[in-house]
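Subject: Structure for you to look at

Hello,

I am passing on the structure we talked about, and I would be glad if you could open it and keep it beside you while you read the notes.

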There are 2 protein chains.
Amino acid sequence: MTQLDLNKLDKLAYLSIKKGVNIQPGQDLLITASIESLPLLRKLVDYAYKEGAGVVTPIFTDPHITKSRFQYATDQSFDRTQTWLYEGIKNAFKNNTARLAVVSEDPQLLSNFDSDKVSRASKATSLAYKPALEYISNFEINWNIISYPGKAWAKLVFPDLSDEEAVKKLGDAIFHASRIINDDPLKEWDDHNKKLKSKAKWMNEMNFESLLYKGPGTNLEVGLAVGHEWVGGSTNTKKGIPTFPNMPTEEIFTTPHCKKVNGTVRSTKPLSYQGSLIENIEVEFKNGKIIKMNASNGKDVFSKVLKTDEGASQLGEIALVPHSSPISQTGLVYYNTLYDENSSCHLAIGQCYSKCFKDKSLTKEQVIANGGNSSLIHIDWMIGSDKIDISGKDHNGNLIPVFKQGEWCN
Amino acid sequence: MTQLDLNKLDKLAYLSIKKGVNIQPGQDLLITASIESLPLLRKLVDYAYKEGAGVVTPIFTDPHITKSRFQYATDQSFDRTQTWLYEGIKNAFKNNTARLAVVSEDPQLLSNFDSDKVSRASKATSLAYKPALEYISNFEINWNIISYPGKAWAKLVFPDLSDEEAVKKLGDAIFHASRIINDDPLKEWDDHNKKLKSKAKWMNEMNFESLLYKGPGTNLEVGLAVGHEWVGGSTNTKKGIPTFPNMPTEEIFTTPHCKKVNGTVRSTKPLSYQGSLIENIEVEFKNGKIIKMNASNGKDVFSKVLKTDEGASQLGEIALVPHSSPISQTGLVYYNTLYDENSSCHLAIGQCYSKCFKDKSLTKEQVIANGGNSSLIHIDWMIGSDKIDISGKDHNGNLIPVFKQGEWCN
């Protein structure tokens with residue numbers, strides 16, 4: 001009988017608490033997870049308390065319960081959400097509670113339900129969650145996202161395997177991508193972190209005005225925000241705690257100028273958004289705004305997302321990931337942004353990260369004045385492949401090669 | 001293979017939503033439950049949405065996670081709690097969210113841990129939860145408690161059976177006690193409700209000044225609060241929604257005068273409190289206050305509870321249950337207050353119910369002036385048996401028989 005490697009699961013839990021969240025003595029912790037990921041969650045809670053956490057609060061989801069709403073609830077209920085819970089979470093973050101999310105859900109969970117209801121429910125939640133999300137995106141607190149191989153997700157990635165084999169195989173892929181390889185994953189992460197930091201350093205020294213992307217279906221110039229900074233790997237929170245937000249992470253990323261994006265771009269991997277799959281996105285930007293959009297699947301969902309608010313049809317993040325990244329090398333589509341974004345160069349529409357500026361003390365208004373985008377949403381979609389070339393345009397208009405056929409030039 | 005009766009489980013879920021909570025169209029619902037009770041929880045959520053609920057929020061507990069804290073957390077963490085969550089829940093209730101609790105946990109879950117830590121953690125939670133609890137105890141909202149046969153609980157009640165048989169057997173006992181007997185549990189509950197209402201009506205007509213309890217180890221006079229009212233069965237919330245707080249329920253109950261309790265009383269069933277068992281409690285009251293206390297098991301825990309605050313060593317509720325009640329007739333000890341209190345006459349130390357007064361508009365101060373008790377806690381303990389006699393003393397000092405050998409006299 002094939003089984004999940006419990007020794008590696010234990011290492012993943014320790015890595016997440018110690019290096020990912022980097023829980024501080026006496027600090028409370030909020031964990032969200034699907035009930036299916038209970039074996040990992042129990043280990044996470046054990047390690048959190050062993051490392052001196054204050055109170056650990058798990059909030060569980062269950063796919064049956066999530067679907068039940070879209071199956072049975074009245075139409076008028078879809079503009080409602082648990083405002084009291086999201087306000088509570090904001091208060092928790094305000095009081096320095098750390099945050100850990102375990103991703104294991106079926107990426108297609110909601111794909112058979114009315115996309116209008118799904119997007120209304122999601123908008124209500126985004127709106128209620130925004131004040132809490134700001135504590136996360138501004139790194140007021142330390143946080144971490146990791147994955148657990150849920151059965152439905154595993155079957156989507158490995159449709160030809162049995163349930164058990166698919167879970168085992170996705171588990172192995174998660175462990176590999178999260179660098180749980182030898183006995184000392186903490187050291188692995190330190191070494192990996194150094195490499196990401198050196199790439200970000202070079203991009204910051206170059207201080208490009210814009211990046212030019214060329215590839216099949218893609219001919220795009222993305223202006224960079226005034227005073228932008230490339231970051232990657234670990235982040236220091238505003239309180240100075242080093243934290244790894246994403247595990248795995250292979251990207252370095254920054255804030256584009258949301259009014260200076262022009263041209264066309266084609267996605268290279270499916271985007272899994274709130275239970276729906278959006279495939280083969282083709283988009284045209286003019287002065288930062290998406291003015292044309294198409295998709296072979298999920299066009300309706302993506303179109304609704306773009307209408308969430310003013311900033312939803314503008315860029316908030318761009319990220320560079322070599323095609324040779326371990327995740328990309330598996331050749332798999334994970335239908336999970338945490339994995340697929342780390343296998344490929346990507347863009348994100350929506351909210352920008354204020355930490356991607358050299359000056360960390362910018363006000364919201366200054367961030368916007370420098371070209372930062374503001375929105376309720378932040379959605380990554382993948383545009384990288386072994387056919388993409390990227391050049392940086394410096395302030396004298398010179399073009400310097402950055403990526404060739406999907407790999408770093410320097 | 002013995003299995004839980006899923007048809008009856010489905011009926012229990014429907015009964016709870018329709019008659020217990022009595023969810024109103026568009027009303028949100030908060031459910032707390034152990035992960036083990038997921039099969040029941042999924043049915044509850046389905047029925048809630050089918051009956052028109054707004055948003056249903058489940059909050060799950062897990063025994064491993066609950067224990068992890070007491071096993072690994074630092075000493076100073078035990079005075080902490082999730083204040084943000086309890087504040088959030090209070091805000092939910094304020095906005096008319098209904099409440100459903102599923103009880104399935106191991107009554108002895110925490111019995112092997114340091115009782116000092118357990119009681120400190122519990123005090124911190126009680127304090128944070130008090131504002132929310134007031135919405136429940138004052139029936140500002142509709143709420144309901146039901147049970148699910150968790151394995152550890154089932155093994156405690158049926159130690160000689162296999163895991164599966166114990167769960168099946170406890171499930172059957174739960175269904176029977178919750179009157180899931182024939183095809184129409186809703187009608188069963190209507191009939192049962194009428195009987196409870198008629199007993200309460202008689203007690204209210206008699207309008208006793210005090211009750212005198214006599215039995216082995218018990219010789220107690222309990223004064224009743226000024227303007228007290230006996231209630232039982234369904235309750236109308238302040239918004240006028242009929243709700244059954246407890247399923248099962250066999251009791252009629254009222255508010256004693258917390259300064260007019262004198263004599264001795266001996267418990268007749270074990271009390272399961274926050275994971276510890278307290279057995280053979282013997283208590284002496286003087287002018288309302290517990291001045292002497294003993295217990296053969298869990299004395300330490302009970303003694304700490306009494307010190308929670310001023311009101312913790314005074315009575316907040318008395319309840320009458322005939323010894324012939326269906327739960328009592330099983331002859332089992334359930335180690336679960338919801339069951340054991342409904343098999344036996346009982347007392348509760350701690351917070352009184354303001355609804356147990358004829359005048360429903362009393363202020364907090366007026367409730368206290370009339371003899372109502374105030375405390376962070378409310379803990380029921382069982383004093384009934386087939387050997388207990390109860391008389392009512394009227395305002396002329398006449399004694400009128402109420403219970404003889406554990407049964408109603410009238």
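The notes below deal with the two domains of chain A and with the place where they touch.

Please keep in mind that this is a predicted model. The domain assignment divides chain A into domain 1, which covers 6–177, and domain 2, which is made of two segments, 208–232 and 249–408. Taken over C-alpha atoms, the centres of domain 1 and domain 2 of chain A are 24 Å apart.

Turning to the contact itself, 32 residues of domain 1 of chain A meet 27 residues of domain 2 of chain A. The size of an interface is often given as the accessible area lost when the parts come together. For domain 1 and domain 2 of chain A the buried area is about 2,400 Å², and 61% of it lies on carbon and sulfur atoms.

Between these two domains of chain A there are six residue pairs in polar contact, with both residues at pLDDT 80 or more, and there is one salt bridge. A:K364 and A:E134 form a salt bridge in which the closest N and O atoms are 3.6 Å apart.

On the side of domain 1 of chain A that touches domain 2, the elements giving two or more residues are α5 (115–137), β4 (143–147), α6 (151–157) and α7 (163–177). The largest share of that side, 12 residues, comes from α5(A), and the residues of the side as a whole divide into 18 nonpolar, 10 polar and four charged.

Best wishes

Methods:
Residues are numbered from 1 along each chain as its sequence is written. Chains are lettered from A and ligands numbered from 1 in the order in which they are written. This is a predicted model: local features need pLDDT of at least 70, side-chain atom pairs count only at pLDDT 80 or more; totals for chains, interfaces and linings use all residues. Side-chain values use heavy atoms; hydrogens and water are left out. Domain bounds come from an automatic or database domain assignment. Contact means heavy atoms within 4.5 Å. Buried area is the accessible area (1.4 Å probe) that two parts lose on being put together, summed over both. A salt bridge is a side-chain nitrogen of Lys or Arg within 4 Å of a carboxyl oxygen of Asp or Glu. A polar contact is a pair of N or O atoms within 3.5 Å; within protein, one must be able to donate a hydrogen and the other to accept it, and residues adjacent in sequence count only if both atoms are side-chain atoms. Helices (H or I, at least four residues) and strands (E, at least two) are DSSP runs, numbered from the N terminus. Ala, Val, Leu, Ile, Met, Phe, Trp, Tyr, Cys and Pro count as nonpolar, Asp, Glu, Lys and Arg as charged, and the others, Gly among them, as polar.
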